[in-house]
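Visitor: I am new to this one. Please show it to me, and then I will ask about its cysteines and its interior.

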Amino acid sequence: MTKGNTWLNVFLTALAPTMWGSTYIVTTELLPDNMPLLASTIRALPAGLLLLLICRTMPSGKWWGRIAILGALNIGAFFYCLFMTAYYLPGGVASLVMSVQPMIVIALSALVLNTRFLKVHIYASLLGIAGIALLVLNSTINLNWQGVVSGLIGTTCMATGIVFTKHWGRPEGLSLLGFTGWQLTFGGLMLLPIALFQEGIPATLTTTNIAGYAYLSLVGALLGYMLWFRGIEKLPAVTISFLGFLSSLAALILGYVFLDQTFTTLQILGAIAIVACVYLSTPKPQAEVKEDIVNADDTSKLEEQRA
């Protein structure tokens, strides 16, 4: 992979968490109160069904089960936790609680993908933790324990989804649009009966509510997850997880612009630290070539042993 291609893939993938950073402000400002399950369902299911109508392709064999699992991890469980966190915590704080994801992905990648721990990832993790600490510890808003727990469960689900999406890849004959559509559809269908049973349907929907739901479904889910799953195919899982920090920055910037939130000098330094850790985690072409050579050597040795 050339340097230009690497940074293009990083840029396109980074658009997804940047879009998701707006989820928090849209949820609190545009959607009906206290209906996180319905919001999660409407975000996922219409976008998934639209993609399936466009693609008209289906998985087969073991991929039905795999996509169901990925749909639960990446969409169903994650969306529910995401909206619960958004209702319990302010936007910036909510996204920051969920930004422990890279550390979880690093550990899971070592177990599932046999990825080696690299010093640069350790440095990036420490820098990211420092950035999170500066942003959160200097916040004047108290943390709600329910929001923190929801955030941690949600980020663990997504971290697991990233690793297993990388591990399993994409089934032959299923396009990126179809792969995204089936996951959104499975995730939405898992949430639908629970949402209807626990929350029902709002008596009335305002134009603002409809606009909020449409934005989350078409931009946040359909476009965002297409870019995200494309990125998982093109970039290392650990790099993908660090890009999730950009969701925090987007939420903070939107809070500053639209909600009149202010930041201290230490919080600004924390934001800079997060940008730096994302940069450190980006794969360098030379390092990728060396890693490919090592992996090829390892594969050759395994084949020799099997023979």
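Visitor: Is Cys-157 buried or exposed?
Guide: This is a predicted model, in which local features need pLDDT of at least 70 and side-chain atom pairs pLDDT 80 or more, while totals for chains, interfaces and linings use all residues. Residues are numbered from 1 along each chain as its sequence is written, and side-chain values use heavy atoms, without hydrogens or water. Buried means under 20% relative accessible area, exposed over 50%, and partly exposed in between (1.4 Å probe, protein chains only). Because its relative accessibility is 15%, Cys-157 counts as buried.

Visitor: How many disulfides are there?
Guide: A disulfide is a pair of cysteine sulfur atoms within 2.5 Å. For Cys-157, the nearest cysteine sulfur belongs to Cys-81 and is 5.5 Å away, so by this cut-off Cys-157 is in no disulfide. The count of disulfides is zero.

Visitor: Which helix gives the most to the largest nonpolar core?
Guide: A nonpolar core is a set of buried Ala, Val, Leu, Ile, Met, Phe, Trp, Tyr and Cys residues joined through side-chain atoms within 4.5 Å. The largest has 62 residues, of which Leu-184, Tyr-225 and Trp-228 touch the most other members. Helices are DSSP runs (H or I, at least four residues) numbered from the N terminus. With nine residues, the greatest giver is helix 4 (residues 63-88).

Visitor: Which residue follows helix 6?
Guide: Helix 6 covers residues 101-113, and its buried residues are Gln-101, Pro-102, Val-105, Ile-106 and Ser-109. After this helix comes a residue with a positive phi, near 55°: Asn-114.

Key
Helix = DSSP H or I, 4+ residues; strand = E, 2+ residues; numbered from the N terminus.
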